[in-house]
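The questions below concern the model shown here, and each one is followed by a short piece of reasoning that leads to the answer.

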Amino acid sequence: MSSPKLFMHIKEPSLASNLLSLNSVSQYELNISHQGENWLDQLTLAKCDVALIEVNSLDDIALKELIHSPVFYQTEFLFFSQGEPDPILDQLMNKGAGFHYRAPFHFKLIESSLDDVFRELSAIKGNTNTQTSYLDQFGLLVGSSTAMHSLYQTIRKVAVTKANAFIIGESGTGKELIANTLHVFSQRAEAPFVAINCGALSPELIDSELFGHVKGAFTGAHKDHQGVFEQAEGGTLFLDEVTEMPYEHQVKLLRVLESGEYKPVGAQQVKIANVRIVAATNRTPHDAIRDEVLREDLYFRLAQFPIMVPRLRDREGDACGLAQHFLAYRNAQDGEHKQFSAKSLDKINHYVWPGNVRELKHAIERAYILADDTIHPDHLITNDVNHQVEQDKTAGIPFGMRLDDIEKIAILKTLKQNNGNRTDTAHQLGISVKTLYNKLDKYESIKAI
Ligand SMILES: Nc1ncnc2c1ncn2[C@@H]1O[C@H](COP(=O)(O)OP(=O)(O)OP(=O)(O)O)[C@@H](O)[C@H]1O
């Protein structure tokens with residue numbers, strides 16, 4: 001296991017020597033900056049886990065650049081200043097940059113912060129070859145790739161802030177786990193984490209689902225009902241598939257985010273919302289705004305921190321690692337010792353996993369059931385839709401078949417393949433859950449005529 005790396009850019013000689021004499025500093029692999037050169041460039045090249053940076057001038061170009069640099073999310077920062085107001089540093093701190101020590105410095109405190117960071121980093125780096133899985137784990141997320149480590153850094157930083165976060169990534173990449181991990185690492189961890197799927201909210205009940213209702217507010221409202229804002233009081237509200245919420249209803253969310261107030265249906269008094277909002281989408285926000293499925297003003301309110309989730313195929317080595325991880329857990333459940341053959345691991349490694357971790361998890365579950373002791377490539381059944389479409393194409397679609405009939409067959413077949421799961425079906429077909437519901441409603445009404 002390699003030691004965590006520490007970068008040091010300290011000009012003031014006595015501060016530098018005091019820091020260098022700390023025991024906690026000597027635990028790290030040390031990397032000292034060359035004065036006179038841009039320290040951010042050096043830090044970017046050195047890829048360090050922790051950086052000690054002395055800030056003593058408002059025209060520090062590197063400090064200004066840091067806020068837009070990926071390094072900001074990949075490194076734990078300890079800034080040192082003489083205490084003069086510095087708006088850029090304030091901005092960095094608001095974004096969860098780490099620690100800012102003002103002169104006179106208390107080296108005991110600095111020592112203990114560095115010890116804490118060292119322990120955390122060692123735990124992450126050293127969490128390999130456990131009995132159950134050899135991948136690193138952070139919160140609820142498993143993965144050792146560089147892409148996942150940089151995601152962990154981002155989550156660690158965002159979690160401690162009050163900002164809303166917007167998680168953007170393909171279906172099955174783990175957006176809900178990320179939202180949950182953000183909650184677990186936040187100061188709201190003791191309060192509830194409430195998740196709702198905005199695509200599944202029925203338009204008639206949206207107000208009541210979000211804000212609750214009082215008894216007698218409408219026919220069927222037999223008792224008071226708490227909406228998700230109230231259920232998540234003090235904690236985190238996860239708005240999954242927020243782009244699938246009807247456009248005209250999104251303004252209601254916007255109002256709460258702007259004013260912090262909401263009113264249950266039929267109530268006289270407004271309530272104050274005390275929740276952190278984490279939203280997610282598997283669309284590109286830019287496209288969603290252009291296609292008018294996401295209000296731009298809502299996006300800016302939600303996306304104080306956009307978090308991009310890497311696709312499984314962009315996490316080098318993680319597909320095999322996760323497969324081993326899922327299998328190890330399954331073995332432990334049943335007291336089994338099933339294993340992958342070398343060829344099956346090769347198949348896992350080379351497949352693109354369009355359904356990301358969810359698809360991998362399901363494939364391992366199926367393979368586990370099918371295999372006796374060893375999982376062979378044939379046991380690994382994937383949702384390779386493209387491949388299936390190719391096979392169906394060779395079977396041929398009848399000449400002259402109406403396009404809407406072809407569409408209907410594709411929808412119903414995919415729905416069946418996904419055991420009726422509408423979210424997965426919509427993702428595979430490349431349409432929104434809302435569109436899928438509309439089309440299914442249309443088929444139903446035609447049947448009824
Ligand atoms: N990094 C990970 N480590 C372990 N399990 C994971 C990881 N990422 C995803 N999973 C598992 O994969 C499945 C899908 O994850 P999740 O529901 O969080 O994805 P999602 O991006 O929210 O999907 P969708 O957009 O379809 O709602 C879950 O069973 C989850 O436990």
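Two strands are taken as paired if DSSP finds at least two bridges between them; strands (E, at least two residues) and helices (H or I, at least four residues) are DSSP runs, numbered from the N terminus. Residue numbers start from 1 along each chain as its sequence is written. The model is predicted, and local features need pLDDT of at least 70, side-chain atom pairs count only at pLDDT 80 or more, while totals for chains, interfaces and linings use all residues.

Q: Which residue of β13 is the bridge partner of I167?
A: Strand β8 covers residues 165-168 and runs parallel to strand β13, residues 276-281, to which four bridges join it. On its other pairing, β8 has four bridges, again in the parallel sense, with strand β14, residues 305-308, where I167 stands opposite I307. In β13, the residue that forms the bridge with I167 is A280.

Q: Which strands stand at the edges of the open sheet that contains β8?
A: This open sheet has five strands with parallel pairing, in the order β9-β10-β13-β8-β14. One side of each edge strand is left without a neighbour in the sheet, because each has a single partner strand, and these edge strands are β9 (193-197) and β14.

Q: What angle does the direction of α9 make with that of β10?
A: Axes here are lines fitted to C-alpha atoms, for helices over the stretch in contact, and angles between N-to-C directions run from 0 to 180 degrees. In the sheet with the order β9-β10-β13-β8-β14, neighbouring strands are turned on average by 20 degrees against each other, direction ignored. Helix α9 packs on this sheet and touches β8, β9, β10 (236-240), β13 and β14 (a contact being C-beta atoms, placed from the backbone, within 7 Å). Relative to the direction of β10, that of α9 makes an angle of about 170 degrees.

Q: Which residue of β2 does K5 stand opposite?
A: A further open sheet of five strands has the order β2-β1-β3-β4-β5, with parallel pairing. Within it, β1 (residues 5-9) runs parallel to β2 and is joined to β2 by four bridges. The residue of β2 opposite K5 is E29.

Q: Between which domains does the ligand lie?
A: Among the 17 residues around the ligand, those that come nearest are V142, G174, K175, E176 and V357 (near meaning a C-beta atom, placed from the backbone, within 6 Å). Two or more shell residues are given by each of β7 (141-142), α9 (175-184) and α17 (356-370). Domain bounds come from an automatic or database domain assignment. Since both domains give residues to the shell, the ligand lies between domain 2 (160-308) and domain 3 (312-379).

Q: Where is pLDDT under 50 with one contact beyond four places in sequence?
A: The pLDDT, the predictor's confidence in each residue from 0 to 100, has a mean of 86 over the protein, and 91% of residues reach 70 or more. Residues 126-132 have pLDDT below 50, yet this stretch has nine contacts in the model beyond near neighbours in sequence. Where pLDDT is low, the predicted coordinates should not be read in detail. The stretch with pLDDT under 50 and one contact beyond four places in sequence is residues 385-395.

Q: Which residue other than glycine has phi near 60 degrees?
A: Most residues other than glycine have a negative phi, and most peptide bonds are trans. The peptide bond from A103 to P104 is cis, with omega near 0 degrees, and P104 is found in the loop between β5 and α7 (107-126). In the loop between α13 (285-290) and α14 (296-302) lies E292. The residue with this positive phi is E292.

Terms used
Two residues are in contact if their C-beta atoms, placed from the backbone, lie within 7 Å.
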